[in-house]
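Here are two exercises to work through with the model open beside you. Take them in order, and try each task before you read its solution.

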Amino acid sequence: MKIMVAIKRVVDYAVKIRVKSDKSGVETQNVKMSMNPFCEIALEEALRIKQSGLASEVVAVSMGSTQCVDTLRTGLAMGADRGIHVESSAALFPLTVAKLLKALVEVEKPGLIILGKQAIDDDCNQTGQMVAGLLGWPQGTFASKVLLDTEKQVATVEREVDDGLETLCLDLPAVITTDLRLNQPRYATLPNIMKAKSKVIKKYTPQELNVEVKSDIEVVEVTEPPKRKAGVIISSVDELIDKLRNEAHVI
């Protein structure tokens with residue numbers, strides 16, 4: 001079985017985000033970029049499945065500018081067998097990404113697609129669900145545990161919900177999106193980083209995959225959240241109730 005993993009290049013989680021002066025987005029020039037943390041978890045799970053003997057190949061897919069190749073190389077250094085880069089200078093929103101993934105599935109014929117549940121830059125949490133809908137495949141989102149039975153061609157997914165844990169049994173092929181507690185991603189070792197330089201990254205364009213890149217979302221304005229006001233020390237319960245009623249207007 002082949003596993004396809006989608007990975008995204010985002011602003012590093014440790015970087016302090018700065019909004020552009022024209023409020024059209026966030027600043028990405030001269031900013032450290034890295035693989036989306038949820039995508040790292042997705043790739044790690046695919047690699048563990050392969051190491052257990054239940055998969056024959058892990059293919060990492062990234063979409064966007066030429067710099068996405070660096071993110072793919074990181075994925076290859078972690079252990080992915082090969083990479084696919086869909087190059088596009090235009091902004092790619094979830095529905096377009098889902099359509100591109102569907103087109104790649106028709107080419108690669110994977111038995112399982114694993115994605116991070118969301119990207120930390122836009123927090124959309126939409127791509128996995130959309131690609132499952134386009135393919136007509138079952139989906140298990142927010143997975144905290146994944147078990148595969150390749151003989152029965154089913155995947156058991158334990159997922160976190162508001163009331164606790166929910167267990168789903170999915171017929172393969174399927175789409176799974178990963179939550180934080182699924183695993184702890186490995187670090188790429190220096191020998192594997194060197195080996196990754198010789199691994200194959202195949203390039204496509206949206207046009208070659210017969211997908212039209214268009215914006216179905218309009219970003220009106222991006223602003224920083226308001227600065228938090230300084231707290232105050234109150235002297236009594238009556239004063240607290242008064243502030244909640246007359247200042248905060250919550251009671």
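A contact here means heavy atoms within 4.5 Å. This is a predicted model, in which local features need pLDDT of at least 70, side-chain atom pairs count only at pLDDT 80 or more, and totals for chains, interfaces and linings use all residues. Residues are numbered from 1 along each chain as its sequence is written, and side-chain values use heavy atoms, with hydrogens and water left out.

**Exercise 1.** Find what Ile3 touches, then place Ile3 in its core.

Step 1. Leaving aside residues up to four places away in sequence, Ile3 touches Ala46, Ile49, Ala55, Glu57, Val58, Val59, Leu112 and Ile114.

Step 2. A nonpolar core is a set of buried Ala, Val, Leu, Ile, Met, Phe, Trp, Tyr and Cys residues joined through side-chain atoms within 4.5 Å; buried means under 20% relative accessible area (1.4 Å probe, protein chains only).

Step 3. The largest such core has 34 residues, and Ile3, Val5, Leu43, Leu112 and Ile114 have the most contacts inside it. Helix 1 gives the largest share of this core, seven residues; helices are DSSP runs of H or I with at least four residues, strands runs of E with at least two, both numbered from the N terminus.

Step 4. A second, separate core has 25 residues, including Leu100 and Ile113.

**Exercise 2.** Which elements each supply at least two residues of the lining of the second largest pocket?

Step 1. Look at strand 3 (33-35), helix 1 (37-51) and helix 2 (68-78), which each do so.

Step 2. Pick out helix 2: its four residues are the largest share of that lining.

Methods. Buried means under 20% relative accessible area, exposed over 50%, partly exposed in between (1.4 Å probe, protein chains only).
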